[in-house]
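User: I would like to learn how to read a few local features of a model, going through them one at a time. Could you give me the general idea in each case and then show me how it applies here?

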Amino acid sequence: MTTSPDPDFDVSMMRRALDEARRSVPSPNPPVGALVVGPSGDVVAQSFHERAGEPHAEVGALAAAGAQTQGGTLYVTLEPCNHTGRTPPCVDSILKAGIARVVIGALDPNPGVTGGGAQRLVDAGIKVDVGVAGAEARELIAPWTKYITEGLPHVALKLALSLDGRIATRSGASKWVTGPEARAKVQELRARHDAVAVGIGTALADDPRLTVRDTALLPGGRHPVRVVFDSRLRVPLDSRLVQTSREIATWVLAGNDAPESAEQALVDAGCAVIRVPNSAEGRVDVGAALRLLASQGIVSLLVEGGAELAGSLLATRLADELHAFIAPILLGPRGRPGAVDWAGPDTPTDAPRIVDPRWELCGRDAYVSGPLAFPSKS
């Protein structure tokens with residue numbers, strides 16, 4: 001690997017490639033962006049991997065650049081592939097294009113990939129730099145990294161709560177704890193995930209749609225799959241989720257002992273029912289459910305409640321990041337329930353916490369988000 005002659009320029013170009021990658025929706029593949037800089041230092045082409053099965057970002061950028069690839073530099077957010085999948089190896093296209101140097105944000109974490117793309121480029125005499133804007137490149141593919149290395153989706157947990165940690169009044173009213181700006185932010189979060197999930201308690205209490213109302217937020221018009229954790233198949237046939245299941249994919253995760261008649265009724269209405277082993281408490285086993293979702297190509301999952309499902313994800317350490325919207329209201333000790341239903345830590349030191357929390361205002365509500373860290377088990 002070579003040392004970059006202009007580190008600041010490289011970082012600037014890689015960040016442009018990362019902006020391209022953020023337009024990418026190729027799940028279950030990782031988001032990737034690329035751009036080609038000619039020998040004169042001008043950007044001559046840029047591209048992103050639009051969706052699975054279509055040309056990768058590098059191939060798109062090289063094709064757009066045409067003859068200007070000769071002696072140029074390719075910036076790509078993820079190591080070019082050196083294996084044949086649904087598309088040919090990107091390394092082949094790079095070698096044919098006459099590129100003189102390749103700058104890579106992050107190496108490919110996929111343990112199933114045979115042969116390193118970066119090493120093959122080096123062996124062919126191309127100058128290669130790895131790790132430019134590396135932290136940003138790795139953060140971008142964090143959901144896919146978990147999916148490909150652990151066989152689990154990346155789980156984002158969303159909470160909307162009062163200052164005293166409640167999600168509803170004593171009468172059960174929960175609309176609306178937070179304001180319209182916070183709810184608009186939730187729409188953006190939904191659009192960035194492959195699937196959106198709730199527990200059956202939330203489905204019964206709120207009758208949610210779990211849709212992205214502003215379709216301009218949806219890359220390629222793809223709605224996230226809607227998932228209900230429903231061990232006994234109690235979701236009503238006249239609920240908004242079921243009634244719209246033929247338009248937007250709706251999966252109901254049921255325990256092995258859920259009534260077959262209820263399953264058939266949901267399937268007839270347009271839902272997919274997926275059987276999952278029960279936990280010791282008789283609910284859907286969260287870990288098994290997540291593995292099944294990953295096997296169906298769900299890389300990123302946004303969980304919006306309720307309290308029991310949130311508690312299970314925290315208790316099993318399966319939540320990866322937290323998005324909490326905190327309204328400046330007090331609902332009182334009889335407000336029901338708390339935002340999370342779990343035993344919790346013995347001491348504050350043992351508590352899961354957001355690493356490097358990002359705080360902002362959404363209207364009058366506070367919004368804090370970031371990756372979750374769990375203390376080491378003794």
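Analyst: Let us begin with burial, keeping in mind that this is a predicted model. A residue is called buried when its relative accessible area is under 20%, and Asp194, with a relative accessible area of 8%, is therefore buried.

User: Where does Asp194 lie, and with which side chain does the side chain of Asp194 make a polar contact?

Analyst: Asp194 sits in the loop that runs between helix 7 (180-191) and strand 7 (195-199), and its side chain makes a polar contact with the side chain of Ser27 at 2.7 Å. Leaving aside residues up to four places away in sequence, Asp194 touches Ser27, Arg222, Pro224 and Val225, together with Gly297, Ile298, Val299 and Ser300.

User: How should I read backbone geometry, and which residues have a positive phi although they are not glycine?

Analyst: The general expectation is that most residues other than glycine have a negative phi, and that most peptide bonds are trans. Leu233, although not a glycine, has a positive phi of about 55°; it is placed in the loop between strand 8 (225-229) and helix 9 (240-243), and at 7% relative accessibility Leu233 counts as buried. Arg317, which is likewise not a glycine, has a positive phi of about 60° and is found in the loop between helix 12 and strand 12 (321-327), but Arg317 is partly exposed, with a relative accessible area of 30%.

User: Which residues does a cis peptide bond join?

Analyst: The cis peptide bond joins Gly305 and Gly306, with an omega of about 5°, and Gly306 belongs to the loop between strand 11 (300-303) and helix 12 (307-315).

User: Turning to helix packing, at what angle do helix 2 and helix 3 pack, and how far apart are their axes?

Analyst: An angle between helix axes under 35 degrees counts as roughly parallel. Helix 2 (residues 57-65) and helix 3 (residues 90-97) pack at an angle of about 25°, with their axes 9 Å apart, and the two helices are therefore roughly parallel to each other. The crossing in which helix 2 passes helix 3 is left-handed.

User: Which residues of helix 2 and helix 3 meet?

Analyst: From helix 2, Glu58, Val59 and Leu62 meet Cys90, Ser93, Ile94 and Ala97 of helix 3. The residues of this contact between helix 2 and helix 3 divide into five nonpolar, one polar and one charged.

Terms used:
Residues are numbered from 1 along each chain as its sequence is written. This is a predicted model: local features need pLDDT of at least 70, side-chain atom pairs count only at pLDDT 80 or more; totals for chains, interfaces and linings use all residues. Side-chain values use heavy atoms; hydrogens and water are left out. Helices (H or I, at least four residues) and strands (E, at least two) are DSSP runs, numbered from the N terminus. Buried means under 20% relative accessible area, exposed over 50%, partly exposed in between (1.4 Å probe, protein chains only). Axes are lines fitted to C-alpha atoms, for helices over the stretch in contact, and angles run from 0 to 180 degrees between N-to-C directions. Angles under 35 degrees count as roughly parallel, over 145 as roughly antiparallel, 65 to 115 as roughly perpendicular and the rest as oblique. A crossing is left-handed if the near helix is turned anticlockwise from the far one by less than a right angle, and right-handed if clockwise. Contact means heavy atoms within 4.5 Å. Ala, Val, Leu, Ile, Met, Phe, Trp, Tyr, Cys and Pro count as nonpolar, Asp, Glu, Lys and Arg as charged, and the others, Gly among them, as polar. A polar contact is a pair of N or O atoms within 3.5 Å; within protein, one must be able to donate a hydrogen and the other to accept it, and residues adjacent in sequence count only if both atoms are side-chain atoms.
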